[in-house]
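Please open the structure in your viewer and keep the selection tool at hand. Each stop below tells you what to select and what is there.

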Amino acid sequence: MKVAIFRPDDDRLARAVSLLDSLGVEPVPDPMLAVEATGAAPREDSEFTVVTSKTGVELAAAAGWQPSGTVCAIGDATAAALRAAGYRVDLIPDEFSSVGLVAALEDRVAGQRCEVARSNHGSPVLTNGLERAGAYVHETVLYELVVPPEAGESATLAAAGELDGAVFTSSLTVENFLAAADERGVRAAAVDGLEDCVVGAIGEPTRATAEREGVSVDVVPESADFEVLARSVVAQLSE
């Protein structure tokens, strides 16, 4: 059984390949995201700083960033990256999402400066929610997410009916998968091919994007965690 994974081509992809190997399926590594750093660093004069990814932490650390105020991580993976870089972590929301961050901060940020450091594809749910809560929000784009030029092997396999599963880890991976399929002239066939696959989405926003584009989603785990998602997809394939 072949299962497509779309993680960036770094240690996350290597770990994903290793996990699927250990679960007895053939991984199809097809990175749908590549990172292009902007050279910017988060501000250092805010009462709250929100970081939303491991990549953002690494780029901020490389720029010599020294955080001020309350440091907030969107989830455990980002928190682990912050600690590994020598930073403290003051807040992790119960729900690892933009909605969860807003819920955790909305009673604390009125009249406060709030720095949001992330990619160019960050959800407006976070910044709009903090602004509605009365925060003075500044957003720093640390990196841009682009489609790697070689992306699309999984789309070709799906179009040919040779893919058994797909693990989408963000709305952008869905959009870029379809863009790569378009580039190869197989979008309609690839979407049809996914109908015969077990398709996993890491959370409700990713599911919503997929279904809006005509891709049926079979698995959305309660925890927004890649390993949980991948194991759930493989478990359904094995039923």
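The tour goes from the packed interior to a pair of strands.

This is a predicted model, in which local features need pLDDT of at least 70 and side-chain atom pairs count only at pLDDT 80 or more, while totals for chains, interfaces and linings use all residues. Residues are numbered from 1 along each chain as its sequence is written, and side-chain values use heavy atoms, leaving out hydrogens and water.

Begin by selecting Phe6, Leu163, Phe168, Phe177, Leu194, Val199 and Val215, which have the most contacts inside the largest nonpolar core, a group of 25 residues. Such a core is a set of buried Ala, Val, Leu, Ile, Met, Phe, Trp, Tyr and Cys residues joined through side-chain atoms within 4.5 Å, where buried means under 20% relative accessible area (1.4 Å probe, protein chains only).

Next, select Phe168 and Phe177, both of which are buried. Rings of Phe, Tyr and Trp (its six-membered ring) pair if their centres lie within 6.5 Å, and planes over 60 degrees apart count as edge-to-face. The centres of the Phe168 and Phe177 rings are 5.6 Å apart and their planes stand at 80 degrees, so this pair is edge-to-face. Add Phe6, and you have a cluster of three residues linked by ring pairs.

Now move to strand S5, residues 70–73 (strands are DSSP runs of E, at least two residues, numbered from the N terminus). Thr70 and Cys72 are buried on one side of S5, and Val71 and Ala73 are buried on the other. Finally, add strand S4, residues 48–51, which runs parallel to S5 and is joined to S5 by four bridges; here Val51 stands opposite Ala73.

Key. Buried means under 20% relative accessible area, exposed over 50%, partly exposed in between (1.4 Å probe, protein chains only). Two strands pair if DSSP finds at least two bridges between them. Rings of Phe, Tyr and Trp (its six-membered ring) pair if their centres lie within 6.5 Å; planes under 30 degrees apart count as stacked, over 60 as edge-to-face and the rest as tilted.
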